[in-house]
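Reader: I've got a model open and I'd like to learn how to read it. Could you walk me through it?

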Amino acid sequence: MIAHAIVFYIFSLIAIVSAIMVTVSKNTVNSVFFLILDFISISCLFIMIGAEFLGMIMLIVYVGAVAVLFLFVVMMLNVAQQKNEWFNSSGRSSHIPVGLLVSIIIFFELIIVIGGWKYKPDLLDSIAIEINTDLTNTQSLGSVIYTDYIHLFQLSGMVLLVAMIGAIVLTFRQRSGVKRQSYFKQISRDRKDGIELVDVENNKGVKIDA
Amino acid sequence: MAELFIFFEQIYRILFLLIPVLVSVAMIVWLDRRVWAFVQKRRGPNVVGPFGLFQTLADALKYIFKEIIIPASSNKVIFILAPIVTMTLALIAWAVIPFSETFVLADINVGILYLFAVSSLGVYGIIMGGWASNSKYPFLGAIRSAAQMVSYEVSIGVIIINVLLCVGSLNLSDIVLAQKNLWFVIPLFPMFIIFFISALAETNRPPFDLPEAEAELVAGYQTEYSGMMYAMFWLGEYANILLMCAMGSILFLGGWLSPIDLFPFNVIPAPIWLILKILFLFILFALIKAIVPRYRYDQLMKLGWKIFLPFSLIYVVLTASFLMYFDLLPGN
């Protein structure tokens with residue numbers, strides 16, 4: 001039990017320190033790396049409380065995919081330089097009020113969540129579905145999500161689909177003059193329409209690409 | 001006292017797994033070069049030791065005594081961390097590989113997810129190395145490989161779902177035991193082919209070795225690395241390849257099971273069968289390296305997203321419908 005507590009405190013310490021470092025560190029790429037460390041230690045905490053499926057999915061989705069794309073964006077755009085320019089510029093900026101508003105909302109949400117913690121025992125009683133403790137996490141999650149909550153599940157899938165199509169529509173631009181490779185065309189080409197023998201008259205050229 | 005004993009026992013078991021893995025990584029590099037040479041009608045490494053078996057050890061010794069050069073403009077912490085991350089991630093995944101019914105270091109419920117998660121983390125070693133070098137070619141190589149690995153992970157994930165539909169459990173031992181009567185390579189043969197090709201792309205092996213395409217990017221993300229740090233990237237890469245071969249043999253080739261449960265076959269101990277299957281897949285990897293030319297980058301992306309992903313998704317639907325119709329779904 002002591003070993004369990006020690007490991008728990010190690011992971012939570014890493015999580016908190018790296019969460020602070022995300023906001024504090026000067027280099028944006030470093031803060032993304034700290035964010036990744038944060039994700040990893042949080043998924044370790046999930047595994048420690050026995051939610052191994054959630055922890056692994058967190059690793060696969062957030063660390064394996066989302067953070068990679070995040071890192072991509074931060075590396076490609078020179079965010080650090082922009083940030084410094086933005087901080088140093090003396091002109092009034094419209095970003096600060098928006099940022100303040102968002103952070104105030106998040107702050108109050110966190111307070112509500114912590115306040116709601118008081119009602120946690122009542123919440124556990126009000127869960128309508130019986131929790132079968134014989135099954136593994138993965139099995140019981142699947143049997144709940146795909147049966148009782150199938151509509152909500154599909155609805156969230158729809159939301160993701162809309163977001164995906166939106167992203168494609170926003171970034172897609174049709175460019176003219178792009179030469180694309182068509183495998184089918186390439187393979188179905190034969191000697192007959194590839195090569196043509198022409199008798200060339202003296203002092204007169206031939207027209208190709210006719 | 002008892003806890004201390006358990007601690008040392010675990011360390012003993014970890015070493016008992018890790019040291020053979022490291023030695024076999026060294027041997028597999030030799031095998032790779034020999035197969036490559038064989039296809040090209042050369043001899044390959046044959047000087048150091050019998051059949052040149054100690055070539056990799058000699059190479060490793062050479063790397064150890066070389067100077068480690070850290071570029072002045074690099075981000076030094078991340079530069080040093082990158083090969084360590086690659087090597088560590090390649091090794092920790094071996095914890096869940098079952099070598100027989102009892103011989104497995106960590107028999108966890110979500111074994112296949114763990115393998116998938118670790119292999120998806122593998123991209124960080126490459127991105128970190130490429131970015132921290134602060135140089136054009138490594139950065140281009142890192143970006144290429146990140147895009148490539150993220151794309152092919154998606155199709156590997158869907159292929160894993162195919163197998164899981166037939167098993168009904170995420171535990172690797174359960175996956176192997178479900179293949180007692182029929183290896184999944186037979187009903188899911190197209191998926192095996194796609195898994196094999198995706199594994200090539202996931203480990204940056206030819207014909208998908210665009211991150212280190214020497215004609216375009218010198219050596220990709222490893223360009224600035226030298227000495228032992230380069231060797232760690234190199235060993236990590238081969239450990240990852242072995243891991244992918246192990247994953248393929250567990251998912252499709254029946255893991256430690258013998259092909260036929262008859263006298264001469266079932267006497268051979270289970271780990272030997274797994275090792276033979278891993279070797280078989282690895283020789284296929286090596287042959288592909290020798291006989292197939294490198295892909296172009298847009299072809300690679302097209303293959304991943306427009307061909308493999310839709311095809312494996314359709315196969316998921318087919319597998320699920322088949323199992324449902326013939327009432328073969330596991331867990332009932």
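Author: We'll go through chain A, a few helices, the interface and the core in turn. Keep in mind that this is a predicted model.

Reader: Fine. How many helices and strands does chain A have?

Author: Start with the count of elements, then their order. Chain A has ten helices and zero strands, so no need to hunt for a sheet: from the N terminus on, the order is α-α-α-α-α-α-α-α-α-α. Its domain assignment lists domain 1 (1–89), domain 2 (98–127) and domain 3 (134–173). The C-alpha centres of domain 1 and domain 3 of chain A are 24 Å apart.Reader: What share of chain A is buried?

Author: Buried residues account for 13% of its 210 residues. Of the contacts in chain A between residues at least 6 apart in sequence, 46% link residues at least 24 apart.

Reader: Let's pick one helix. How does the length of α2 in chain A compare with what is expected at 1.5 Å a residue?

Author: Helix α2 (residues 28–48) of chain A has 21 residues, and its first and last C-alpha atoms are 30 Å apart, close to the 30 Å expected. Buried residues in α2(A) include Val32(A), Phe33(A), Leu35(A), Ile36(A) and Phe39(A). Here's the general idea for reading such a list: an α-helix has 3.6 residues a turn, so residues three or four places apart point the same way. Just past α2(A), Gly50(A) has a positive phi of about 95 degrees.

Reader: And is Ile106(A) buried or exposed?

Author: Count its neighbours. Ile106(A) counts as exposed because it has 10 C-beta neighbours inside 10 Å, and 12 or fewer is the cut-off for that label. Ile106(A) belongs to helix α5 (residues 95–116) of chain A. Its C-alpha atom is 33 Å from that of Ser143(A), which is 37 residues away along the chain.

Reader: Now the interface. Which helices of chain B touch chain A?

Author: First, the contact count: 16 residues of chain B are in contact with 15 residues of chain A. On the chain B side, α4 (111–121), α5 (123–132) and α6 (136–167) each supply at least two residues. The largest share, six residues, comes from α4(B). By type, the chain B side divides into 13 nonpolar, two polar and one charged.

Reader: α6 in chain B caught my eye. How exposed is Ile161(B)?

Author: Ile161(B), which lies in helix α6 of chain B, is partly exposed, with 16 other C-beta atoms within 10 Å. Sequence distance and spatial distance are separate things to check: Ile161(B) and Leu313(B) are 152 residues apart in sequence, yet their C-alpha atoms are 9.3 Å apart.

Reader: What about α8 in chain B: what covers its buried residues?

Author: Check the length first. Helix α8 (residues 189–202) of chain B has 14 residues, which should span 20 Å at 1.5 Å a residue, and its end C-alpha atoms are indeed 20 Å apart. Among its buried residues are Met191(B), Phe192(B), Ile194(B) and Phe195(B). The cover over the buried residues of α8(B) includes α4, α6, α10 (227–251), α12 (270–291) and α13 (297–325) of chain B. After α8(B) comes Asn204(B), with a positive phi near 55 degrees.

Reader: Last one: which residues have the most contacts inside the largest nonpolar core?

Author: The general idea is that in soluble globular proteins, nonpolar side chains tend to be buried together. In this model, the largest nonpolar core has 119 residues, and Val163(B) and Leu242(B) have the most contacts inside it. The largest share of this core, 17 residues, comes from α10(B). Leaving out residues up to four places away in sequence, Leu242(B) touches Ser24(B), Val25(B), Ile28(B), Ile278(B) and Phe282(B).

Technical notes
Residues are numbered from 1 along each chain as its sequence is written. Chains are lettered from A and ligands numbered from 1 in the order in which they are written. This is a predicted model: local features need pLDDT of at least 70, side-chain atom pairs count only at pLDDT 80 or more; totals for chains, interfaces and linings use all residues. Helices (H or I, at least four residues) and strands (E, at least two) are DSSP runs, numbered from the N terminus. A residue is buried if 20 or more other C-beta atoms lie within 10 Å of its own, exposed if 12 or fewer, and partly exposed in between; C-beta atoms are placed from the backbone. Two residues are in contact if their C-beta atoms, placed from the backbone, lie within 7 Å. Ala, Val, Leu, Ile, Met, Phe, Trp, Tyr, Cys and Pro count as nonpolar, Asp, Glu, Lys and Arg as charged, and the others, Gly among them, as polar. Domain bounds come from an automatic or database domain assignment. The expected span of a helix is 1.5 Å times one less than its number of residues. A nonpolar core is a set of buried Ala, Val, Leu, Ile, Met, Phe, Trp, Tyr and Cys residues joined through C-beta atoms within 7 Å.
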